[in-house]
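Trainee: I would like to learn how to read a model of this kind, feature by feature. Could we take a pocket, a helix pair, the backbone and the confidence in turn?

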Amino acid sequence: MNQHNDYTTLRLAHENGVARVTIDNAPVNVLDVALMTDLLRVLTALRDDHSVRVIAFESANPDFFIAHVDMSLVDQPDAFDLLAADIPDGVNVFQGLGEVLRRQPQVTIVKLAGLARGGGAEFVTAADMAFGAVGRAGLGQVEALMGIVPGGGGTQYLADRVGRNRALEVVLGAGLFDAATAERYGWLNRALPAEHLDAFVDGLARDIAALPDGVVEAAKHAIAPADLSEGYQREHDAWRGQFVRPATGGRAADPRRAGARCSDPRRRARPRGPVAQSAQVTETSVGWAWRSSALLDCVVSTWFLMVTDVEIPSTESVDEPGKRRRRHLPAASAPSSAPRGNTP
């Protein structure tokens with residue numbers, strides 16, 4: 001197996017037509033500029049590599065695939081200058097990452113053994129296929145809790161994958177969906193027992209890579225991704241437009257007012273749908289991650305708290321609508337500057 005160590009936030013290995021990309025952006029794989037840069041670099045590098053037919057993504061952290069977007073980037077528009085050159089026209093940088101993934105000539109597969117929310121969930125949904133571990137995998141779009149909507153392609157990918165009605169449930173419910181429910185909705189290809197996930201995905205990747213010449217290319221040409229150009233623009237306008245609203249400004253500037261508790265990193269996010277077994281992120285690893293990274297400060301606590309110490313119950317129960325506690329939040333002043341340029 002050929003190993004490539006030219007990246008700071010991921011590892012690349014190549015064997016028998018399968019490129020394995022292991023995301024390793026400690027502590028919880030936050031989708032920051034460094035990770036986005038490496039993901040775009042590896043996709044670009046592999047695009048013209050005809051020896052690769054499948055790209056399989058997994059995480060070095062068993063509890064997190066990609067935890068969330070680094071929301072402090074909203075106040076750093078210049079951070080995206082270098083990324084902007086590598087993304088397609090007509091999309092913001094987060095949508096651009098997903099669009100590059102969607103248009104990759106190789107088959108792209110996500111092995112989801114942990115949690116992916118916000119921008120992490122968008123990445124999973126942009127891939128050709130995704131498989132999740134029962135009792136451990138979780139998907140969710142939490143943006144509504146901050147007074148915004150997904151801005152990295154999530155609204156468009158979801159509508160295409162699960163239908164409009166369920167996409168609205170995911171976006172507005174802002175809950176954590178377990179693997180079994182995500183499979184039933186069409187968000188994941190399959191939900192597999194955790195102990196069988198590696199063998200199944202690895203075997204599928206090898207089988208696809210071993211197909212006769214031209215089959216993968218022909219299939220991806222015939223089953224082409226939908227043209228989302230107009231949808232991307234609607235999504236971006238909706239995302240950016242929410243930032244001028246007073247309530248959104250207050251939630252984004254002070255996540256505690258949106259129900260987050262910066263002093264309690266063990267707040268549980270309730271899963272949606274039945275699961276077959278339990279899984280829990282340990283208090284020790286969460287506490288270490290919380291203390292050791294400035295990126296996980298109160299600026300992003302709304303995002304982080306929804307993916308830390310998540311306990312997925314072993315009993316089969318479905319959350320009832322309207323049970324989540326809501327608070328009446330006082331209006332807050334709008335942020336001093338709205339997102340501009342290609343920043344979503």
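Trainee: How many residues of the lining of the second largest pocket are nonpolar, how many polar and how many charged?

Mentor: This is a predicted model, and in it the lining of the second largest pocket divides into 16 nonpolar, 4 polar and 6 charged residues.

Trainee: How much space lies in the second largest pocket, and which residues are the closest to its centre?

Mentor: The space in the second largest pocket comes to about 540 Å³. Of the 26 residues that line this pocket, Asp 128, Lys 220, Ile 223, Ala 224 and Pro 225 are the closest to its centre.

Trainee: Which helices each supply at least two residues of that lining, and which gives the most?

Mentor: At least two residues each are supplied by helix H4 (119-126), helix H5 (154-162) and helix H9 (215-222), and H9 gives the most to the lining, with 5 residues.

Trainee: Let us turn to the helix pair: at what angle do the axes of H5 and H10 cross, and what does that make H5 relative to H10?

Mentor: An angle is read against ranges, and one that falls outside the roughly parallel, roughly perpendicular and roughly antiparallel ranges, the last of these being over 145 degrees, counts as oblique. Here the axes of H5 and helix H10 (residues 229-242) come within 8 Å and cross at roughly 130°, which means that H5 is oblique to H10. Where the two helices meet, H5 contributes Gly 154, Thr 155, Gln 156 and Tyr 157, while H10 contributes Gly 231, Tyr 232, Arg 234 and Glu 235; by class, this contact has 2 nonpolar, 4 polar and 2 charged residues.

Trainee: What is to be noted in the backbone of the loop between S3 and H1, where Asn 29 lies?

Mentor: Pro 27 has its place in this loop, between strand S3 (18-23) and helix H1 (33-47), and the peptide bond from Ala 26 to Pro 27 is cis, with omega near 5°. Asn 29 has a positive phi of about 60°, although this residue is not a glycine.

Trainee: What pLDDT does the protein average, and over which residues is the pLDDT below 50?

Mentor: The average pLDDT is 76, and 67% of the residues score at least 70. Residues 253-270 have a pLDDT below 50, and this stretch has 47 contacts in the model beyond near neighbours in sequence. The pLDDT is also below 50 over residues 274-344, a stretch with 176 such contacts in the model.

Note on methods: Residues are numbered from 1 along each chain as its sequence is written. This is a predicted model: local features need pLDDT of at least 70, side-chain atom pairs count only at pLDDT 80 or more; totals for chains, interfaces and linings use all residues. Side-chain values use heavy atoms; hydrogens and water are left out. On a 1 Å grid over the protein atoms alone, a cavity is a set of points where a 1.4 Å probe fits but cannot get out, and a pocket is an open set with protein on both sides within 12 Å along at least five of seven lines; lining residues have an atom within 4 Å of a point. Grid points are joined across faces, edges and corners, and a volume is the space filled by probe spheres set on the points. Helices (H or I, at least four residues) and strands (E, at least two) are DSSP runs, numbered from the N terminus. Ala, Val, Leu, Ile, Met, Phe, Trp, Tyr, Cys and Pro count as nonpolar, Asp, Glu, Lys and Arg as charged, and the others, Gly among them, as polar. Axes are lines fitted to C-alpha atoms, for helices over the stretch in contact, and angles run from 0 to 180 degrees between N-to-C directions. Angles under 35 degrees count as roughly parallel, over 145 as roughly antiparallel, 65 to 115 as roughly perpendicular and the rest as oblique. Contact means heavy atoms within 4.5 Å. pLDDT is the predictor's confidence in each residue, from 0 to 100.
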